[in-house]
Amino acid sequence: MMKGEIIMGNKTTLIEKARSYIGNNWSHFCNAFGIGCTAWCAAFASVVGRESGNGDIIPWSISCNAQIQWFKDHGCWLGVTTDIREGDYIYYDWDRIAEAKPADHVGIVESVNGDTVVVIVVIAIVSAVIYV
C-alpha cells in the first residue's frame, strides 16, 4: 500500500460519508472550523475525511493549497496523473496559475469507469454538495 493510500474499507466509508452530504449546504463544514467561509470545498473535504475515520491521512484545512502541501509533506501527493481511483481527492487549477496557487477547488472521486470519473464536489453558486 502506498503511503497515505486509503484501504478499500475506508474508501467505502469516505465515499458514503461524502454522499450523505449531497444536497447539504456549507454551514456544517465551515462550522467544524469555527468560521464562516465562502470557499468551502476544502472544508467539506476535511470534514468528510475526519468523519469517515480517515482524519489521520486527510489534512484538516480550509485551503486546497494547504491540503496539497500536507499531501506533499507526507509523501502521498501524486500530482497530475491518469491513475485516478475511488476515494482520491482531486484538485482543480481553473485559473492555471499553478506556481502561485496550484488549486482552486477540490472534490472526492466517487467512481471511475474507463474515462468517466464521477466526483462529489461542493459548488458555492448553488451552495450545495453535488455530483459532477
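Me: A disulfide is a pair of cysteine sulfur atoms within 2.5 Å; with that definition in hand, how many disulfides does a search of the whole structure find?

Reply: This is a predicted model, and the search of the whole structure finds zero disulfides.

Me: Why do Cys41 and Cys64 not count as a disulfide?

Reply: The cysteine sulfur closest to that of Cys41 belongs to Cys64 and lies 3.7 Å away, whereas the definition asks for sulfur atoms within 2.5 Å, so the pair is too far apart for a bond. A disulfide is a covalent bond between the sulfur atoms of two cysteines.

Me: What makes Cys41 and Cys76 buried or exposed?

Reply: The relative accessible area decides, and buried means under 20%. Cys41 has a relative accessibility of 5% and therefore counts as buried, and Cys76, at 12%, is buried by this rule too.

Me: Why is Gln67 called buried?

Reply: Its relative accessible area is 0%, and because the cut-off for buried is under 20%, Gln67 falls on the buried side. This residue is found in helix H4, which covers residues 64-73. Leaving out residues up to four places away in sequence, Gln67 touches Ala42, Ala45, Ser46, Pro59, Ser61, Tyr91 and Val106.

Me: How do you know that the buried residues of H4 are on the same side of this helix?

Reply: In H4, the buried residues are Cys64, Gln67, Ile68 and Phe71. They cover an arc of only 100° around the axis, and therefore they lie on the same side of H4. What covers these buried residues includes H3, E1 and E2.

Me: What makes Trp77 partly exposed rather than buried or exposed?

Reply: Buried means under 20% and exposed means over 50%, with partly exposed in between; Trp77 has a relative accessible area of 32%, so it is partly exposed. Trp77 is found in the loop between H4 and E1, and, with neighbours within four places in sequence set aside, it is in contact with Ile68, Phe71, Lys72 and Tyr91. From Trp77 to Gln67 there are 10 residues along the chain, and the C-alpha atoms of the two are separated by 9.8 Å.

Me: Why is the pair of Glu51 and Lys17 called a salt bridge?

Reply: A salt bridge needs a side-chain nitrogen of Lys or Arg within 4 Å of a carboxyl oxygen of Asp or Glu; in this pair the closest N and O atoms are 3.9 Å apart, so the rule is met. The bridge links distant parts of the chain, since Glu51 belongs to helix H3 (residues 41-51) and Lys17 to helix H1 (residues 8-20), 34 residues apart. Glu51 is partly exposed at 35% relative accessibility, and Lys17 is partly exposed at 25%.

Me: How do you know that Glu110 and Arg19 form a salt bridge?

Reply: Their side chains meet at 2.4 Å, N to O, and because the limit is 4 Å, the pair qualifies as a salt bridge. This pair also links distant parts of the chain, with Glu110 in strand E2 (residues 105-113) and Arg19 in H1, 91 residues apart. Glu110 has a relative accessible area of 10% and is therefore buried, while Arg19, at 38%, counts as partly exposed.

Me: What makes Asp83 and Arg85 a salt bridge, and how many salt bridges are counted by this rule?

Reply: The side chains of Asp83 and Arg85 meet at 3.0 Å, N to O, and this value is within 4 Å, so the pair counts as a salt bridge. Asp83 is partly exposed at 38% relative accessibility, and Arg85 is partly exposed at 38% as well. By this rule the count comes to three salt bridges.

Me: Which residues touch the most other members of the largest nonpolar core, and which helix gives the most to it?

Reply: This core has 27 residues, and Trp40, Phe44, Val48, Tyr89, Tyr91 and Val106 touch the most other members. At least two residues each come from H1, helix H2 (27-31), H3, H4, strand E1 (89-92), E2 and strand E3 (116-123). H3 gives the most, with seven residues.

Me: What is the pattern of helices and strands along the sequence?

Reply: The secondary structure comes to four helices and four strands, and read along the sequence the pattern is α-α-α-α-β-β-β-β. Of the 132 residues in the protein, 36% are buried.

Key: Residues are numbered from 1 along each chain as its sequence is written. This is a predicted model: local features need pLDDT of at least 70, side-chain atom pairs count only at pLDDT 80 or more; totals for chains, interfaces and linings use all residues. Side-chain values use heavy atoms; hydrogens and water are left out. Buried means under 20% relative accessible area, exposed over 50%, partly exposed in between (1.4 Å probe, protein chains only). Contact means heavy atoms within 4.5 Å. A nonpolar core is a set of buried Ala, Val, Leu, Ile, Met, Phe, Trp, Tyr and Cys residues joined through side-chain atoms within 4.5 Å. The arc is that of the directions from the helix axis to the C-beta atoms.
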